[in-house]
Each structure stands twice: as C-alpha cells, then as structure tokens.
Amino acid sequence: MTGAIWNLLLGLAWVLLSGDFTGLNLLVGMVFGYIALVLIEHQVEALKGYPARIPRIVRFIGFFIKELVQANLRVGFDILTPPWHMKPGVIALPLSARTEMEITLVANLISLTPGTLSLDVSDDRRVLYIHAMFLDDEDELRRNLKEMEHRALELFR
Amino acid sequence: MIEVVKGTLLLSGSLFILLAAIGLVRLPDLLTRMHATTKAAALGVILIMLASAMHFAEVGVVARSFAIILFILMTAPVAAHVIGRAGYFVGSKLWSGTVKDELKPNYDPLTHELKSGLETQENARRVPRESDPE
C-alpha cells in the first residue's frame, strides 16, 4: 500500500514539474516513479514486495482475459448448436481463502469466468458451492479453479 | 487499420450480447441461464466500451469507458450470485441433465444451515480423547 501511494505521489510530482496536466503524462510519471521505486526497493524496508506485485497483477489480468474469452466461446458454441453438450452440476470447492475480502474476491472471479457460477459459501466459510456448466472432466475443472484462486490470492498476500 | 480493429471489437461485442440473448431463451434452467446472461453480456459490453474508447480517443471518454468496464466487472458477478443463490434456495428445478448436486445434502431447508461437508471427514480423523465415553 505504501508503495502504491509513493508511486502515485511520484507521478503527481512528475506532472507538476513538467507542467503538462494530462492523464497520459500522469501515466508516464507513474511509470518513471515505478522504475525509481524498483531501484531503491532493497534499501527501503517499507517498499518490500511492491515492485514484484505490478507484473503479477498484469500477468493475472492477461490470464483472466484468456480464460474469459475461451470459456465464453465454449458456452456460445453450446448455445448455438442444437444438442446440449453441457453437463451442469453443483460442486463443492474447498477454499484456501480465509478472510471475507479474499472469499469475496475469489467468489466473484469464479462467477466471472463463464461456465462457473458461485452459489453460496458454507456457514463455516470453508467450502464454496459452485454451479458449473461443463462437468465432463471434474478433476481438471477443480484444478483450474484452484489455480485461479491461488493466483488471485498471490496478489494480496 | 484502427477502423478494422474498432469494427471487429464492436461486431464481436454485439455478437456476444446476441449470444447471451439466445442463451436466455434456449437454455433449460435458471442457473444455466444466469451463466449465459451475465458473462457473455459482460464480455460484450467490455468489447463495445473498448471500441468506443478507441474511437473517441479522448481522456474523458477513455476514463469513463474504463470506469464502466470496472463497474460491470464488479457488479455482474454479484448480481449473478445473488439471483442464482436465491433461485436455488427458493427451489427452482435444476435441468434433468444435471449430473451432480453436492450442495443439496449439506443444506437444511428448515434451519437454512449450510454445512461444508468436511465435518464428517474431520470426525473420522479425530484423535480419541480421554473424556470420550467407552
């Protein structure tokens, strides 16, 4: 968090000093600020871990878009062709996420990927019930969901 | 070149929304319909917003497009989750081709208690204590 604030402040300083008040210039300033933070990371205790987080977030967004488009095409194909290829079902997915915030994030991401829809969390917050549209290969689906959860949690821990 | 990209984005966006609409009519039960409407429609709106951001290429429009994308990504799954959950617990029938339902045995319709299904495994693993009855 401290890292993000410093990054923003450095970006604002860049905008002020260059005198060009546009969104694009702020972006340029934030990129330079980020580079500066990477350079001083090992000297400043408070910044530890911040620079590594940005590429992780970018990679996660890329991974997520890939999943989103792929699964949407699959659902679309099933909607358009007359026989149903889908095998819907409700499965229980054990959660590694612990806090409310993490569970909300994971449940929303699972809802956003087509083919899966989070239904409910058990009362003891250990299992997420998911409605899945394609249960042909349950183990693989579980593995994919676990990978997504793992990647999402990595961003916040 | 950029015209082609914009056109492709707009067309594929509208196609995804059309897919969502067809899915809403064709799919057999509430939960599968929720799948089609939320996700395909969200992806469609995102693509169209990207196209409009590219077309106008002004800070104000781009910022608003990205704000719309962000808010769609934040609200669509919550809405789908709430509608799907309410529908499931009110008792909407699942499609006859549904292969399994791991929620049902863990849910008590009287107390609305939802177990995780891990309790039985845990009891089996439990180490015997001295206070246990013989």
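## A two-chain predicted model

For chain B, the unreviewed UniProt entry lists residues 6–28, 40–57 and 63–83 as "transmembrane region"; positions follow the numbering used here, feature names are shortened, and such annotations may be inferred rather than shown by experiment. This is a predicted model, in which local features need pLDDT of at least 70 and side-chain atom pairs count only at pLDDT 80 or more, while totals for chains, interfaces and linings use all residues. Residues are numbered from 1 along each chain as its sequence is written, and chains are lettered from A and ligands numbered from 1 in the order in which they are written.

Two of the UniProt spans can be set side by side. Helices (H or I, at least four residues) and strands (E, at least two) are DSSP runs, numbered from the N terminus.

| Span of chain B | Distance between end C-alpha atoms | Helix | Strand |
|---|---|---|---|
| Residues 6–28 | 35 Å | 91% | 0% |
| Residues 63–83 | 30 Å | 100% | 0% |

**Where the chains meet**

Let us turn to the interface. In total, 39 residues of chain B are in contact with 33 residues of chain A, a contact being two residues whose C-beta atoms, placed from the backbone, lie within 7 Å. On the chain B side, at least two residues each come from helix H1 (2–26), helix H2 (30–56), helix H3 (59–90), strand S1 (100–101) and strand S3 (113–114). H3(B) gives the most, with 10 residues. By type, this side of chain B divides into 21 nonpolar, 10 polar and 8 charged residues. Here Ala, Val, Leu, Ile, Met, Phe, Trp, Tyr, Cys and Pro count as nonpolar, Asp, Glu, Lys and Arg as charged, and the others, Gly among them, as polar.

Strand pairing also links the two chains: strand S1 of chain A (residues 89–94) and S1(B) pair in the parallel sense over 2 bridges. Pairing requires that DSSP finds at least two bridges between the strands. A:Val90 has B:Asp101 in S1(B) as its bridge partner.

**The strands of chain A**

S1(A) also pairs with S3(A), in the antiparallel sense over 6 bridges, and A:Gly89 is matched there with A:Ala132. On S3(A), strand S2 of chain A (residues 116–121) pairs in the antiparallel sense over 5 bridges, with A:Leu117 opposite A:His131. S2(A) and S3(A) form a hairpin with 5 residues between them, and A:Arg125 in the turn has a positive phi of about 60 degrees.

Strand S3 of chain A (residues 127–132) is largely enclosed by the rest of the structure, because 6 of its 6 residues are buried. Buried means that 20 or more other C-beta atoms lie within 10 Å of the residue's own, with C-beta atoms placed from the backbone; exposed means 12 or fewer, and partly exposed lies in between. In a regular strand the side chains alternate between the two faces of the sheet. From S3(A), A:Val127, A:Tyr129 and A:His131 point one way and A:Leu128, A:Ile130 and A:Ala132 the other.

**Chain A as a whole**

Chain A holds 5 helices and 3 strands, in the order α-α-α-β-α-β-β-α from the N terminus. Its radius of gyration is 21 Å, well over the 15 Å that the globule rule gives for 157 residues, so chain A is more spread out than a compact globule. That radius is taken over C-alpha atoms, and the rule is 2.2 Å times the number of residues to the power 0.38. The C-alpha trace of chain A spans about 65 × 40 × 20 Å along its principal axes. Buried residues make up 29% of the 157.

The domain assignment of chain A gives domain 1 (2–47) and domain 2 (50–156), with bounds from an automatic or database assignment. Their centres, taken over C-alpha atoms, are 34 Å apart.
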